[in-house]
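Biologist: Could you take me through one part of this model in detail, the surroundings of the ligand? After that, just keep going into whatever else you find worth pointing out.

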Amino acid sequence: MATVELDSINKVYDNGFHAIHDLDLEIQDKEFLVLVGPSGCGKSTALRMIAGLESITGGEMKIGEKVVNDVEPKDRDIAMVFQNYALYPHMSVYDNIGFALKLAKVPKEEIDQRVRKAAEILELTANLDRKPGQLSGGQRQRVAMGRAIVRQPAAFLMDEPLSNLDAKLRVQMRAEIAALQRELGVTTVYVTHDQIEAMTMGDRVAVLKDGYLQQVDTPQNLYDRPANVFVAAFIGSPSMNLFEATLSIDGDAGSIRLGSLTVPLSASSLQQRPSLRNYDGKKIVLGIRPEDYEDAEFDKDGHPTIQAKVTLLEALGSEIMVHFGIDAPTVDSGDPDAVDETGGGANAVGRFNPRSRVKPGEMATIAISTENLHFFDFGTRRAIG
Ligand code: ATP
């Protein structure tokens with residue numbers, strides 16, 4: 001059993017910079033938890049505190065029920081995989097994988113057994129005599145994993161282990177690492193800034209911003225029920241479209257004013273979020289995922305429609321990204337790394353059926369799946385529940 005518990009953990013660096021604020025996280029035994037967030041949000045700091053490579057300036061940290069605040073890294077029973085792999089260039093793959101065991105004075109025969117077993121799992125058996133310089137990026141990454149595996153630790157801590165690989169290899173390795181973690185059943189904390197990596201690998205994902213935990217949940221719940229505007233925009237690609245809008249509620253019905261457009265509020269939206277009633281006549285942030293827009297011609301469910309001018313198309317084969325203009329102010333998500341994904345002066349992007357015949361420069365009739373809209377308080381930017 002190895003749980004990792006962070007109870008109100010804080011990090012204030014020597015220069016006074018407060019990098020982590022009251023972080024509460026309970027990572028379950030065998031769980032794969034991903035820490036994700038934009039550059040500088042504090043994810044590496046949090047991981048390094050779990051590893052013992054960074055001091056904890058407030059709160060309590062437990063690994064496997066034992067308080068480890070003042071325990072040396074080597075005594076924490078964790079194995080860390082870094083983004084630069086930290087392999088010894090002059091040592092063979094065999095010696096790299098077995099190095100920690102040798103230091104721990106594990107008998108030679110047992111080292112041999114454990115190294116060969118790890119190599120077999122990672123398909124490195126044919127490369128055991130090579131030096132890291134003679135391996136591909138993916139193989140080096142596997143050696144780094146091998147070094148973690150042979151230790152049979154209570155927890156794996158991984159800091160952007162795939163960031164030095166090319167795009168294709170990343171996709172392959174992320175599937176391999178996720179499968180391996182499940183096979184070995186070792187509690188894992190994995191840091192990345194890549195939301196796709198987070199979503200595809202994690203049992204749960206913790207989203208950090210500016211040293212504050214925004215939300216921790218399963219990938220699907222983060223996507224379907226983001227707690228605030230930041231999470232809503234950070235998770236999903238292209239990002240959720242965010243607009244200033246005004247609600248108007250009338251009995252069991254209502255509408256959303258979006259610039260010069262009016263979109264009816266679905267009855268289910270009001271039923272699922274009773275507190276929307278408190279926002280009658282008020283400004284809110286309205287969120288629409290790209291897949292909740294569709295060329296009206298392909299909308300089988302007769303959703304409400306709007307008219308908008310198309311500016312740009314990106315045909316991806318299985319779908320077409322349609323950029324269009326909505327006459328309403330957009331809302332900034334607060335992600336410092338966010339790039340504007342809309343093109344041609346547009347402020348909205350929809351994921352349409354690839355057979356859509358909408359054209360740049362022309363008006364299009366666009367259906368909106370109003371039952372899937374997201375609503376946030378304009379002041380606090382939190383989801384209206
Ligand atoms: P990245 O994805 O860019 O690695 P991160 O989310 O892992 O970012 P951290 O490396 O944890 O971020 O850094 C969090 C914040 O703490 C940043 O603002 C960083 O500048 C600051 N920081 C990191 N190390 C120190 C240090 N030794 N002294 C002072 N501030 C630091």
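Modeller: Sure. The ligand has 13 residues around it, and the closest are Tyr13, Ala19, Ser39, Ser44 and Thr45. Bear in mind that this is a predicted model. If you sort the shell by chemistry, you get eight polar residues, four nonpolar ones and one charged. As for where they sit, helix α1, which covers residues 43–51, supplies the largest share of the shell, with three residues.

Next, the sheet. There's an open one with four strands, in the order β2-β1-β4-β5, and the pairing is antiparallel. Its edges are β2 (18–27) and β5 (66–67), each of which pairs on one side only. As a reminder, strands of a sheet pair through backbone hydrogen bonds, in either a parallel or an antiparallel way. Here, β1 (residues 4–12) lines up antiparallel with β4 (residues 58–63), and five bridges link the two. If you'd like one spot to zoom in on, take Asn10, whose bridge partner in β4 is Gly58.

Now for a helix pair. Helix α4 runs over residues 137–150 and helix α5 over residues 167–184; they pack at an angle of about 20°, and their axes are 11 Å apart. Angles under 35 degrees count as roughly parallel, so that label fits α4 and α5. Their crossing is right-handed. On the α4 side, the contact is made by Gly137, Gly138, Gln141, Met145 and Ile149, and these meet Leu169, Met173, Ile177 and Leu184 of α5. Tallied by type, the contact has six nonpolar residues and three polar ones, with no charged residue.

Two backbone details are worth a look as well. One is a cis peptide bond between Ser237 and Pro238, with omega at about -5°. You'll find Pro238 in the loop that links α8 (229–234) to β11 (241–250). The other is Lys105, a residue other than glycine that has a positive phi, near 60°. Lys105 also belongs to a loop, the one between α2 (93–103) and α3 (108–121).

So, back to where you started: if you want to go through the ligand shell by eye, begin with the closest residues, among them Tyr13 and Ser39, then look at what α1 contributes.

Methods
Residues numbered from 1 in each chain as written. Predicted model: local features only at pLDDT ≥ 70, side-chain atom pairs only at ≥ 80, totals over all residues. Pairing = 2+ DSSP bridges. Axes fitted to C-alpha atoms, helices over the stretch in contact; angles between N-to-C directions. Parallel < 35°, antiparallel > 145°, perpendicular 65-115°, else oblique. Left-handed = near helix turned anticlockwise from the far one by under 90°. Contact = placed C-beta atoms within 7 Å. Nonpolar A, V, L, I, M, F, W, Y, C, P; charged D, E, K, R; others polar. Near = placed C-beta within 6 Å.
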